[in-house]
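Thanks for making room for this on the agenda. I would like to take you through one model, moving slowly enough that you can follow each contact on the screen.

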Amino acid sequence: MNNNQNQINFILNQLSQKLGANPQKLKSDIEKGNINGILNNLPQNEAQKINNILSSPQAINELLKSKEAKNLMEKLNGGR
């Protein structure tokens, strides 16, 4: 397994622990783009916040332009 895959698995395991979700189910939901499967594991107010962001193109652009998002994308792309 390469370093990038190890990082992805680490993030997936951390996320599944935080959400109280099965890591394989979470991975499957992410791969399928099933956001509802992920949101169902969150408190209702947190799920609503995410839905609000996802329904606003402006909010998505602001999120993607953030330093944190850029750093995460760089890590997930193997530092490129």
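I will talk about how some of the helices meet, and about a few residues around those meetings. Please keep in mind throughout that this is a predicted model.

Let me begin with helix H1, which covers residues 3-19, and its packing against H2, where the two axes lie 9 Å apart and the angle between them is about 110°. How do we describe H1 relative to H2 with such an angle? Since angles from 65 to 115 degrees count as roughly perpendicular, H1 is roughly perpendicular to H2. On the H1 side the contact is made by Leu12, Asn13, Leu15, Ser16 and Leu19, and on the H2 side by Pro23, Leu26, Lys27 and Ile30. Sorted by class, the residues of this contact are 6 nonpolar, 2 polar and 1 charged.

Staying with H2, which runs over residues 23-32, its N-terminal end is capped by Asn22, with a side-chain oxygen 2.7 Å from the backbone nitrogen of Gln24. After H2 comes Gly33, which has a positive phi near 75°.

Now to the interior. The largest nonpolar core has 5 residues in all, namely Leu12, Leu19, Ala21, Leu26 and Ile38. If we leave aside residues up to four places away in sequence, Ile38 touches Leu19, Leu26, Asp29 and Ile30. Asp29 sits in helix H2, so is it buried or exposed? Asp29 counts as buried, because its relative accessibility is 4%, and the cut-off for buried is under 20%. With the sequence neighbours up to four places away again set aside, Asp29 touches Asn34, Gly37 and Ile38.

The last part concerns H5, residues 57-65, and H6, residues 67-76, which pack with their axes 5 Å apart and at an angle of about 65°. Here Leu63, Leu64 and Lys65 of H5 meet Lys67, Ala69 and Lys70 of H6, and this contact has 3 nonpolar and 3 charged residues, with no polar ones.

In the loop between H5 and H6 we find Ser66. Which backbone atoms does the side chain of Ser66 reach? One is the backbone oxygen of Leu63, at 2.8 Å, and another is the backbone nitrogen of Ala69, at 3.1 Å. Both Leu63 and Ala69 are also among the residues through which H5 meets H6.

That is where I will stop, and I am glad to go back to any of these views.

Note on methods: Residues are numbered from 1 along each chain as its sequence is written. This is a predicted model: local features need pLDDT of at least 70, side-chain atom pairs count only at pLDDT 80 or more; totals for chains, interfaces and linings use all residues. Side-chain values use heavy atoms; hydrogens and water are left out. Axes are lines fitted to C-alpha atoms, for helices over the stretch in contact, and angles run from 0 to 180 degrees between N-to-C directions. Helices (H or I, at least four residues) and strands (E, at least two) are DSSP runs, numbered from the N terminus. Contact means heavy atoms within 4.5 Å. Ala, Val, Leu, Ile, Met, Phe, Trp, Tyr, Cys and Pro count as nonpolar, Asp, Glu, Lys and Arg as charged, and the others, Gly among them, as polar. A polar contact is a pair of N or O atoms within 3.5 Å; within protein, one must be able to donate a hydrogen and the other to accept it, and residues adjacent in sequence count only if both atoms are side-chain atoms. Angles under 35 degrees count as roughly parallel, over 145 as roughly antiparallel, 65 to 115 as roughly perpendicular and the rest as oblique. A nonpolar core is a set of buried Ala, Val, Leu, Ile, Met, Phe, Trp, Tyr and Cys residues joined through side-chain atoms within 4.5 Å. Buried means under 20% relative accessible area, exposed over 50%, partly exposed in between (1.4 Å probe, protein chains only).
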